[in-house]
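Work through the exercises below with the sequence and the 3D structure at hand. Try each task before reading its solution.

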Amino acid sequence: MTSTSTAPAIRVAGAGDTGTVAAVLATALDDTDIAHWLVPDRSERIEVYRRYFDLVTPWFVEHGTVYVTADGAAAAAWVRLDGKFEPEIADYDRRLAAACGEATGRFVRLDEDMLAAHPDGLAHDYLAFLGVRPERQGQGLGSRLLREHHRITDEAGLPAYLEATGRRNAALYGRHGYADTQPFHIGDGPPLYAMLRPPRVP
């Protein structure tokens with residue numbers, strides 16, 4: 001039996017961790033409904049996802065707060081915003097096309113529809129990605145990553161916002177104080193669940 005004392009430590013990722021974080025997120029998120037829509041071919045999906053997360057992870061490390069467990073089993077990427085999420089990644093369009101190939105159009109639609117749904121005029125912390133490697137899911141790592149950052153949002157008196165990729169994930173976030181705002185579809189793909197968590201006052 002594994003005791004809580006052996007649970008991996010959580011730390012803030014630095015520039016040297018971007019590869020680890022990208023690999024965790026690509027592996028953890030490649031079997032979601034939205035991933036199946038973005039890259040229908042399972043044999044290609046993990047490589048496309050890895051290239052995609054190699055592209056976006058450095059921006060979050062530089063401009064946001066990225067957490068990773070010491071054993072590289074789980075990671076989460078946050079950023080503080082005053083309104084909508086509009087990151088400025090150098091040469092993004094060309095690099096996205098190089099990373100995603102034939103799936104690029106669907107990734108562009110993902111960006112557009114998530115931007116349209118994102119709250120505007122609201123200061124908040126945005127949880128862009130949270131992933132736990134499949135063999136480590138169900139061990140509480142996702143909840144620990146959430147609690148790690150919720151302490152910061154609560155102290156700052158800020159809400160937190162995310163898009164859950166399915167009802168199962170939405171239920172997890174609901175247990176941590178998030179409430180559904182409005183489900184929305186990505187093109188003709190599956191719904192995402194926009195969720196907002198108000199700050200908790202001690």
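The exercises go from the whole chain to single residues.

The model is predicted: local features need pLDDT of at least 70, side-chain atom pairs count only at pLDDT 80 or more, and totals for chains, interfaces and linings use all residues. Residues are numbered from 1 along each chain as its sequence is written, and side-chain values use heavy atoms, with hydrogens and water left out.

**Exercise 1. The fold in outline**

Task: State how many helices and strands the chain has, and in what pattern they follow one another.

Solution. Step 1: use the DSSP runs, numbered from the N terminus, where a helix is H or I with at least four residues and a strand is E with at least two. Step 2: count them, which gives seven helices and seven strands. Step 3: read along the sequence to obtain β-α-α-α-β-β-α-α-β-α-β-α-β-β. Step 4: turn to the radius of gyration, taken over C-alpha atoms, and the globule rule, 2.2 Å times the number of residues to the power 0.38. The radius is 16 Å, close to the 17 Å from the rule for 202 residues, so the chain is as compact as a globular protein of that length. Step 5: along the principal axes, the C-alpha atoms fill a box of roughly 45 × 40 × 30 Å.

**Exercise 2. Burial, contacts and surface**

Task: Find what share of the 202 residues is buried, and what share of the contacts between residues at least 6 apart joins residues at least 24 apart.

Solution. Step 1: buried means under 20% relative accessible area, exposed over 50%, and partly exposed in between, with a 1.4 Å probe and protein chains only. By this rule, 49% of the 202 residues are buried. Step 2: a contact means heavy atoms within 4.5 Å. Of the contacts between residues at least 6 apart in sequence, 73% join residues at least 24 apart. Step 3: accessible areas come from the Shrake-Rupley method with a 1.4 Å probe; for residues, only the protein chains shown count as cover. The chain has an accessible surface of about 10100 Å², and carbon and sulfur atoms hold 51% of it.

**Exercise 3. The loop between α7 and β6**

Task: Decide whether Tyr178 is buried or exposed, and name the residue whose side chain makes a polar contact with that of Tyr178.

Solution. Step 1: locate Tyr178 in the loop between α7 (167-175) and β6 (179-185). Step 2: the relative accessible area of Tyr178 is 4%, so Tyr178 is buried. Step 3: list contacts beyond four places in sequence; among them are Trp78, Leu146, Ala160, Tyr173 and Met195. Leu196 also touches Tyr178, and the C-alpha atoms of Tyr178 and Leu196 are 5.1 Å apart, although 18 residues separate them along the chain. Step 4: a polar contact is a pair of N or O atoms within 3.5 Å; within protein, one must be able to donate a hydrogen and the other to accept it, and residues adjacent in sequence count only if both atoms are side-chain atoms. The partner is His150, at 2.8 Å. Step 5: compare His176, in the same loop between α7 and β6. His176 is buried at 11% relative accessible area, and its contacts beyond four places include Leu146, His150 and Arg197.

**Exercise 4. A backbone angle**

Task: Find what is notable about phi of Asp91.

Solution. Step 1: place Asp91 in the loop between β3 (74-81) and α4 (92-100). Step 2: phi of Asp91 is near 55 degrees, a positive value in a residue other than glycine. Step 3: most residues other than glycine have a negative phi. Step 4: Asp91 is partly exposed, with 43% relative accessible area.

**Exercise 5. Two residues side by side**

Task: Say which burial class Phe107 belongs to, and which class Ala70 belongs to.

Solution. Step 1: Phe107 is in helix α5 (residues 104-117), and Ala70 is in the loop between β2 (65-69) and β3. Step 2: Phe107 has a relative accessible area of 2% and is buried, whereas Ala70, at 53%, is exposed. Step 3: beyond four places in sequence, Phe107 touches Leu38, Val39, Val48, Tyr49, Tyr52, Leu96 and Cys100. With the same exclusion, Ala70 touches Pro8 and Ala9.
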